[in-house]
Amino acid sequence: MDIVRILLSLFVPPLGVLLEVGLGKHFWINILLTLLGWLPGVVHAIWIITRRPATA
C-alpha cells in the first residue's frame, strides 16, 4: 500500500500525505510546501510515508 501512496505523492504530494496521516498538521505543511514548489512537497510526502512503520 505504501507503493501506491508514494506513486500518488509523485504527482499530487498532499494526496499521499492525506492518505497516510489524514487532515493533520503534516497535511497542511505539505500543502504549503507544494505551493512553494513541487519538489519540497514530494520530498516531505515521501518522508512522511516512509517514516511510519508498516501496520499489518
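**Close-ups of a salt-bridge network**

**View 1. Confidence across the helices of this predicted model.** In the protein, helix α3 (residues 25-36) comes out highest in confidence, at a mean of 96, while α1 sits lowest, at 90. Averaged over the protein, pLDDT is 90, and 89% of the residues score at least 70.

**View 2. R5 and D2 pair up within helix α1.** Here R5 makes a salt bridge with D2, and their closest N and O atoms lie 3.2 Å apart. Both residues belong to helix α1 (residues 2-11), and because they are 3 residues apart there, about one helical turn separates them. D2 is partly exposed, with 28% relative accessibility.

**View 3. E20 reaches R5 from another helix.** This salt bridge joins E20 to R5, with 2.8 Å between the closest N and O atoms. It ties together distant parts of the chain: E20 sits in helix α2 (residues 13-21) and R5 in helix α1, 15 residues apart. As for its surroundings, R5 is buried, at a relative accessible area of 18%, which falls under the 20% cut-off.

**View 4. D2, R5 and E20 together.** Put the two previous close-ups side by side and you get the whole picture: D2, R5 and E20 are linked in a network of salt bridges. The count comes to 2 salt bridges. R5 pairs with D2 and also with E20. As a general matter, side chains of opposite charge can pair when their charged atoms come close.

Key
Residues numbered from 1 in each chain as written. Predicted model: local features only at pLDDT ≥ 70, side-chain atom pairs only at ≥ 80, totals over all residues. Heavy atoms only, no water. Salt bridge = Lys/Arg side-chain N within 4 Å of Asp/Glu carboxyl O. Helix = DSSP H or I, 4+ residues; strand = E, 2+ residues; numbered from the N terminus. Buried < 20%, exposed > 50% of the residue type's maximum accessible area, 1.4 Å probe, protein only. pLDDT = per-residue confidence, 0-100.
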